[in-house]
Amino acid sequence: MVYNIKVDYFSINIIKKAVIILKDINNIIYLDNAATTKLSPAVREAMEPYLDELYGNASSLYSLGRKSAAALENSRARIAEAIGADPREVYFTSGGSESDNWAIKGAKHLMEKQGKRHIISSVFEHHAVLNVLESLEKSGFEITYLPVYKNGVVEISDLEKAIRPDTGLVTIMYVNNEIGTIQPVTEIGGICRSRGILFHTDAVQAIGSVPVDVKAINADFLTLSGHKIHAMKGVGILYVNKRIRISPFIEGGAQESGLRAGTENIAGIVGLAEGVCRAVGGMEEKHARLMPLRDKIYREIMKMERVHLNGELERRVPCCLNFSFEGVEGEALLLQLDLAGICCSSGSACTSGSLDPSHVLLSLGLPHEIAHGSLRISMSEYTTEAEIDRFLEVLPGVVDKLRKMSPLWENIIKNS
Ligand SMILES: *Cc1c(COP(=O)(O)O)cnc(C)c1O
């Protein structure tokens, strides 16, 4: 049989364009892993049966449902073991934002019963924490936001000074998502436990980069999210210490011990468990591979003129660096890097799109115009040295080009 296929000039062009786009996607250098990560093949493989034939509702009594229930409880046990918890202390949620909301709103109910109205947090938390606290302030709670200094780390002495008899909750993140600095959560948790104060930590950026053990840090609540560790978006956990009776977050069915209703996202949860176990199991290898890359980026970028590292180098996860380039506009830098196929961010994904400089960078004491010229580079286990070399090859030219067009830069040079 003979097919008469007519391919005109127009369709050839479309095909050519599609091929170029596909090629481009394959060539992308992705250095924005603090915003989200790609799905790992192992996670995809673990999830696959639950996207296909094992679609039963975990609450159903026949065997198809029971298989889902078994997968659910197996995932809960795997995650519990990975973070040093009891399976009964692990609740599945829709991700980091929900878990942060639940922890703080749950603690609010407990505090009300005890007549406590004071909460301590830090100025550079994720908005899923800050915006909840802001709404609690409107309902009469008092919040003390601990400062962070140039090093990007909260001070224990500031925490101790801030504690009052009516302090009921401390919520401080484990690792900051914009600059990658590690907070002294072990000390914070110890102080809270000895003073009878609840302690929540957002460990979304910590898992897989630093050891996360809920007992060792005396956490009462701990937040994790799937999509920052090569699992799915829209799935996460809240760890709740079993001595705490937290109030329900979503009312409805009896799922998650009646505290978080809704038919479970079994495939996502199975993937999350795989993601958590891979992140924890692969931590040392990732550390060993990324440390030299991090140091190379630091060394090369610091050779450039008028550039600053945001937050100290030492107490920092290996995958994340954040720099400010004087006389450069962060958004312009991102767009130029994008043209070269490189994905980075300035500030966090949540604040990009607004013209305000990041609250995290301002909290370090950076002036507005310097905070505006910032760039976050966040790597993952998939980042290669070749990609970093390419990035380091492109960056100085882009910064130079932008500075040449910048009146701000002209002033900086004139005044120096
Ligand atoms: C990404 C992130 C969140 C939000 O998690 P989602 O799963 O996207 O809701 C919360 N806290 C930190 C530190 C994060 O990096």
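**Figure 1. Asp32 in the loop between strand S1 and helix H2 of the predicted model**. Asp32 counts as buried, because its relative accessibility is 11% and burial means a value under 20%. The loop that holds Asp32 runs between strand S1 (29–30) and helix H2 (41–51). Leaving aside residues up to four places away in sequence, the contacts of Asp32 are with Cys343, Cys344, Ser345, Arg376 and Ser378.

**Figure 2. The surroundings of Phe141, between helix H5 and strand S4**. Phe141 occupies the loop that links helix H5 (127–138) to strand S4 (142–146). With 3% relative accessibility, Phe141 counts as buried. Residues touched by Phe141, when those up to four places away in sequence are not counted, are Lys108, Met111, Glu112, Lys116, Arg117, Ile119 and Leu136. For Met111, the separation from Phe141 is 30 residues in sequence and 10.0 Å in space, taken from C-alpha to C-alpha.

**Figure 3. Glu256 and Ser257 in the loop between strand S8 and helix H8**. Strand S8 (236–240) and helix H8 (266–281) border the loop in which Glu256 is placed, and Ser257 lies in the loop between S8 and H8 as well. Each residue has a positive phi although it is not glycine: the angle is near 50° for Glu256 and near 55° for Ser257. Their accessibilities are of opposite kinds. Glu256 is buried, with a relative accessible area of 6%, whereas Ser257 counts as exposed at 62% relative accessibility. The class of Ser257 follows from its value, because exposed means over 50%.

**Figure 4. Contacts of Arg316 in the loop between strands S9 and S10**. The loop with Arg316 connects strand S9 (307–309) and strand S10 (320–325). Arg316 is buried, its relative accessible area being 3%. The side chain of Arg316 reaches the backbone oxygen of Cys320 at 3.2 Å. Not counting residues up to four places away in sequence, Arg316 touches Ile179, Gly180, Thr181 and Ile182, together with Arg294, Leu309, Asn310, Gly311, Leu321 and Asn322. Ile182 is 134 residues from Arg316 along the chain, yet 5.3 Å separates their C-alpha atoms.

**Figure 5. Gly327 in the loop between strand S10 and helix H10**. Gly327 lies after S10, in the loop that leads to helix H10 (330–339). A relative accessible area of 5% makes Gly327 a buried residue. Apart from residues up to four places away in sequence, Gly327 touches Arg403, Ser406, Leu408, Trp409 and Ile412. The C-alpha atom of Gly327 is 9.6 Å from that of Val307, a residue 20 positions away along the chain.

**Figure 6. The shell of residues around the ligand**. There are 13 residues around the ligand, of which Ser97, Asp202, Gln205, Ser225 and Lys228 come nearest. Polar side-chain atoms of Ser97 and Ser225 lie 2.7 Å from an oxygen atom of the ligand in each case. For Lys228, the corresponding distance from a polar side-chain atom to a ligand oxygen atom is 2.8 Å. On its own, the ligand has 380 Å² of accessible area, and the protein covers 88% of this. Helix H4 (residues 96–114) supplies the largest share of the shell, with three residues. By class, the shell has eight polar, three charged and two nonpolar residues.

**Figure 7. The protein chain as the setting of the close-up views.** The chain has 14 helices and 12 strands. Its radius of gyration is 23 Å, close to the 22 Å given by the globule rule for 416 residues, so the chain is as compact as a globular protein of that length. Along the principal axes, the C-alpha atoms fill a box of roughly 80 × 65 × 40 Å. Buried residues make up 55% of the 416 in the chain. Among contacts with a separation of 6 or more, 73% are between residues 24 or more positions apart. About 19300 Å² of the chain is exposed, with carbon and sulfur atoms supplying 55% of that area.

Conventions
Residues are numbered from 1 along each chain as its sequence is written. This is a predicted model: local features need pLDDT of at least 70, side-chain atom pairs count only at pLDDT 80 or more; totals for chains, interfaces and linings use all residues. Side-chain values use heavy atoms; hydrogens and water are left out. A residue is near a molecule or strand if one of its heavy atoms lies within 4 Å of it. A polar contact is a pair of N or O atoms within 3.5 Å; within protein, one must be able to donate a hydrogen and the other to accept it, and residues adjacent in sequence count only if both atoms are side-chain atoms. Accessible areas come from the Shrake-Rupley method with a 1.4 Å probe; for residues, only the protein chains shown count as cover. Helices (H or I, at least four residues) and strands (E, at least two) are DSSP runs, numbered from the N terminus. Ala, Val, Leu, Ile, Met, Phe, Trp, Tyr, Cys and Pro count as nonpolar, Asp, Glu, Lys and Arg as charged, and the others, Gly among them, as polar. The radius of gyration is taken over C-alpha atoms; the globule rule is 2.2 Å times the number of residues to the power 0.38. Buried means under 20% relative accessible area, exposed over 50%, partly exposed in between (1.4 Å probe, protein chains only). Contact means heavy atoms within 4.5 Å.
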